[in-house]
Amino acid sequence: MSQREWIEKDFYKELGVSSSASQDEIKKAYRKLARDNHPDSNPGDAKAEERFKAVSEANAVLSDPAKRKEYDEARSLFASGGFGRGGFSPGGGTNFGGGGTAGGFDVGDLFGGAGGGADLGDLFGGLFNRGAAGGRTQAASSRPRRGSDLAAEVTLDFRDAAVGTSVPLSITSPSSCTTCHGSGAKPGTSPRVCPRCNGAGVVSRNQGAFGFSEPCDDCRGTGSIIDDPCTDCRGTGVQNRTRSVTVRVPAGVSDGQRVRVAGRGEAGLRGAAAGDLLVTVHVKSDAVFGRTGDDLTLTVPVAYSELVLGTTLSVPTLDGRVGLKVPAGTVDGRTFRVKGRGIPKKSKIGDLLVTVKVAVPSELDDAARDALEAYAAAEKASGFDPRYGWPGA
Ligand code: ZN
Ligand code: ZN
């Protein structure tokens, strides 16, 4: 069963109740259907067994108000197409803090390759595996489980982060066993269907009027039995392996941002899809450049005379230097915009914002002092008053 089919399942329909049914109505509907379709009252009836499973599955979600709420939200999101991009994590758990598609940075934009599948995987991780300690739902135990997402961190120089770079990472994690290709069975043999649960991974137990489902002990809920376990992975189908993953970090990544590498997380059990690798990027600060969004910022020290007389400054960029014309009479602290010399993002290239800041000499030699004193006198004689019109005068 694909994840899409899973979310498109209508648990309400399965129990024959409306989506606004009370918890009590759900309970009653489930009890009746579970009793009617229980395998013990319908021996050999595959249809009833199928129905029983579907009903139990629906009840496992709808009978728990918290799970039901998540399911409702997930379905309405799915219906509105909200799964297209971004990290949706209804469990509020591991991945993107439930940020959804609004606000923050656009994950889909950055990751490019991360499709809806990965996001749905996150969803089901939150929805159906959270109850693992208290007994899983049927679906979770009999379905091959997608591998977990793995987390890693990299630290980049400011300029590498600005222009984009590739970073080789060494990741040690459980991976599909190369000897048995993840089946867990010794090469040449294969797992057989568990006879006790017929591969369902769950068995039903009678108690009072109706039955409960619980994980099958014989196969530990996997639905299959391995007679000759692969010796390299002791039958788990998974081995710890160190592998190298090259992470392509797009231009303009900012400090603390996460890059998702689809399918490079932990291997899924028994042939299920692998999880993703989530790389948190740290960006070092730079001695020269700063950043505001996609724009680079830069402060250039200048002499007072350069602002008064005008000059052309040689300004560094991420790619060589450019000449910046400073017109005569420029005020201290003015910011010039150099188009297209900022962060070279694919979608849009930012600008370089150059701010001029007067540097004052702490010492002057005699010639400079004489000239400056002469200048000061001439400036005064010209009628220039720096505090003219200043309210504090
Ligand atoms: Zn193996
Ligand atoms: Zn079994």
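Biologist: How many disulfides does the structure hold?

Modeller: Happy to start there, and keep in mind that this is a predicted model. A disulfide is a covalent bond between the sulfur atoms of two cysteines. It would take a pair of cysteine sulfur atoms within 2.5 Å to count as one. For this structure the number of disulfides is zero.

Biologist: Then which residues coordinate the zinc ion (ligand 1)?

Modeller: The spacing of the donors along the chain is C-x2-C-x49-C-x2-C. Each contact is made through an SG atom, at 2.3 Å. The residues that coordinate the zinc ion (ligand 1) are Cys177, Cys180, Cys230 and Cys233.

Biologist: What is the geometry at the site of the zinc ion (ligand 1)?

Modeller: For reference, four tetrahedral donors have ideal angles of 109.5 degrees. Four donors count as tetrahedral if all angles lie between 85 and 135 degrees. Here the angles among the four donor atoms run from 104 to 115°, so by that cut-off the site of the zinc ion (ligand 1) is tetrahedral.

Biologist: How many residues apart in sequence are the parts that Cys180 and Cys233 tie together?

Modeller: Cys180 is in the loop between β2 (165–176) and β3 (192–193). Cys233 belongs to the loop between β6 (224–225) and β7 (238–249). The pair therefore ties together parts whose separation in residues is 53.

Biologist: Are Cys180 and Cys233 buried or exposed?

Modeller: The cut-off for buried is under 20% relative accessible area. Cys180 has 6%, and Cys233 has 4%. Because both values fall under that cut-off, Cys180 and Cys233 are buried.

Biologist: Over to the zinc ion (ligand 2): which residues are its protein donors?

Modeller: Its donors follow the spacing C-x2-C-x18-C-x2-C along the chain. The angles among the four donor atoms are 103 to 115°, and the site is tetrahedral. Cys194 and Cys216, 22 residues apart, link distant parts of the chain. Lying 2.2 to 2.3 Å from the zinc ion (ligand 2), the SG donors belong to Cys194, Cys197, Cys216 and Cys219.

Biologist: Now the surface: which element supplies the largest share of the nonpolar patch?

Modeller: The patch is formed by Tyr304, Val308, Leu309, Leu364, Leu372 and Tyr375, with about 550 Å² of accessible area together. At least two of its residues come from each of α10 (304–309) and α11 (366–381). The largest share, three residues, is supplied by α10.

Biologist: What is the relative accessible area of Leu364?

Modeller: Leu364 sits in the loop between β15 (352–358) and α11. Leu364 is partly exposed, and its relative accessible area is 33%.

Definitions and conventions
Residues numbered from 1 in each chain as written. Chains lettered and ligands numbered in written order. Predicted model: local features only at pLDDT ≥ 70, side-chain atom pairs only at ≥ 80, totals over all residues. Heavy atoms only, no water. Buried < 20%, exposed > 50% of the residue type's maximum accessible area, 1.4 Å probe, protein only. Donors = N, O, S within 2.8 Å, 3.2 Å for Na, K, Ca; no water. Tetrahedral: all angles 85-135°; square planar, octahedral: opposite > 155°, others 65-115°. Helix = DSSP H or I, 4+ residues; strand = E, 2+ residues; numbered from the N terminus. Patch = residues over 30% accessible without salt bridge, like charges linked within 9 Å, V, L, I, M, F, W, Y side chains within 5 Å. Areas by Shrake-Rupley, 256 points an atom, 1.4 Å probe, with all protein chains shown as cover. Salt bridge = Lys/Arg side-chain N within 4 Å of Asp/Glu carboxyl O.
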